[in-house]
Structures are given as structure tokens and as C-alpha cells.
Amino acid sequence: PVILELKIADKYKELDTNCDKALKQIEEKDYAREWAEDGYTEVICYGVAFFRKRVRIKVIRMQIEDVE
């Protein structure tokens with residue numbers, strides 16, 4: 001499974017920071033829980049930030065634990 005979190009940057013130099021914020025939000029809000037309930041043990045998470053026509057993408061593989 002894949003989880004995407006998208007952010008819009010106010011300045012070009014904020015692209016990296018906003019990608020990190022997007023990935024942090026995925027972790028903090030536990031978006032992967034639903035996939036764990038379906039039996040998955042890993043998800044690929046994308047933090048995507050846009051500034052005008054530019055985009056920056058960061059990717060992490062997240063291990064998720066079984067939910068009982």
C-alpha cells in the first residue's frame with residue numbers, strides 16, 4: 001500500500017521542510033493503521049511538497065504492526 005501526504009510551500013526553500021512535515025503527519029496521525037487491520041506489515045509513504053511548478057518528493061518505507 002501507498003500513503004501520500006501533500007503540502008504546499010510558500011517559498012521554494014521550504015520544499016524539504018514541508019516534505020518532512022508531510023511524512024511526520026503520516027506517522028503522528030497513524031494513517032497506516034487501516035492497512036495493519038487488513039494484514040499488511042509495510043507501507044510506502046510519500047511526503048510531497050509543491051511550490052508553483054516545482055515539486056519535491058521524499059519516500060520512506062514504514063513497518064506497521066498488527067492491530068488486534
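Biologist: Let's start with Arg 52: does this residue count as buried or exposed?
Modeller: Keep in mind that we're looking at a predicted model. Arg 52 sits in the loop between E2 and E3. A residue needs over 50% relative accessible area to be called exposed. Arg 52 has 75% relative accessibility, so Arg 52 counts as exposed.

Biologist: And what is the phi of Arg 52 near?
Modeller: Look at the hairpin of E2 and E3, which has 2 residues between the strands. Arg 52 isn't a glycine, yet its phi is positive. The value is near 50°.

Biologist: Which residue in the loop between H1 and helix H2 has a similar story, with a phi of about 55° although it is not a glycine?
Modeller: Helix H2 covers 33–37, and the loop we want comes between H1 and that helix. The residue there with the positive phi of about 55° is Asp 30.

Biologist: Is Asp 30 buried, exposed or partly exposed?
Modeller: Buried would need under 20% relative accessible area, and exposed over 50%. Asp 30 has a relative accessible area of 34%, so the label is partly exposed.

Biologist: Let's zoom out. In what order do the elements of the protein run from the N terminus on?
Modeller: The secondary structure comes to 2 helices and 3 strands. Reading from the N terminus, you pass through them as β-α-α-β-β.

Biologist: In what order do the 3 strands stand in the open sheet?
Modeller: The pairing in this open sheet is mixed. E1 and E3 each have a single partner strand, so they stand at the edges and one side of each has no neighbour in the sheet. The twist from one strand to the next averages 15°. Reading across the sheet, the order is E1-E2-E3.

Biologist: How many bridges join strand E2 to E3?
Modeller: E2 takes in residues 42–51, and E2 and E3 run antiparallel. You can spot partners across the pair: Glu 42 has Gln 63 as its bridge partner in E3, and Gly 47 stands opposite Lys 58. The number of bridges between E2 and E3 is 10.

Biologist: Which helix packs on the sheet?
Modeller: Follow the helix at residues 15–28, which touches E1, E2 and E3. The direction of this helix makes about 145° with that of E2. The helix packed on the sheet is H1.

Biologist: Asn 18 is found in that helix, H1. What is its relative accessible area?
Modeller: Leaving out residues up to four places away in sequence, Asn 18 touches Lys 7, Ile 8, Ala 9 and Ala 49. Anything under 20% is called buried. Asn 18 is buried, because its relative accessible area is 8%.

Biologist: Lys 7 is one of the residues that Asn 18 touches. How far apart are the C-alpha atoms of Lys 7 and Cys 19?
Modeller: Lys 7 has its place in strand E1, and its contacts include Asn 18, Lys 21, Ala 22 and Gln 25, as well as Val 48, Ala 49 and Phe 50. Along the chain, Lys 7 and Cys 19 are 12 residues apart. Their C-alpha atoms are separated by 7.2 Å.

Biologist: Is Lys 7 buried, exposed or partly exposed?
Modeller: The in-between class runs from the 20% cut-off for buried up to the 50% cut-off for exposed. Lys 7 has a relative accessible area of 23%, so Lys 7 is partly exposed.

Biologist: Which element gives the most residues to the nonpolar patch?
Modeller: The patch on the surface is made of Val 2, Leu 4, Leu 6, Ile 8, Phe 50, Val 55, Ile 57 and Val 59, with about 770 Å² of accessible area together. Two elements give two or more residues to the patch: strand E1 (2–8) and strand E3 (54–63). Side chains in a regular strand alternate between the two faces of the sheet. The element that gives the most, with 4 residues, is E1.

Biologist: To finish, what share of the residues of the protein count as buried?
Modeller: The C-alpha atoms fill a box of roughly 45 × 15 × 15 Å along the principal axes. The accessible surface comes to about 5,100 Å², and 46% of it belongs to carbon and sulfur atoms. Of the 68 residues, the share that counts as buried is 29%.

Note on methods: Residues numbered from 1 in each chain as written. Predicted model: local features only at pLDDT ≥ 70, side-chain atom pairs only at ≥ 80, totals over all residues. Heavy atoms only, no water. Patch = residues over 30% accessible without salt bridge, like charges linked within 9 Å, V, L, I, M, F, W, Y side chains within 5 Å. Areas by Shrake-Rupley, 256 points an atom, 1.4 Å probe, with all protein chains shown as cover. Salt bridge = Lys/Arg side-chain N within 4 Å of Asp/Glu carboxyl O. Pairing = 2+ DSSP bridges. Axes fitted to C-alpha atoms, helices over the stretch in contact; angles between N-to-C directions. Contact = heavy atoms within 4.5 Å. Buried < 20%, exposed > 50% of the residue type's maximum accessible area, 1.4 Å probe, protein only.
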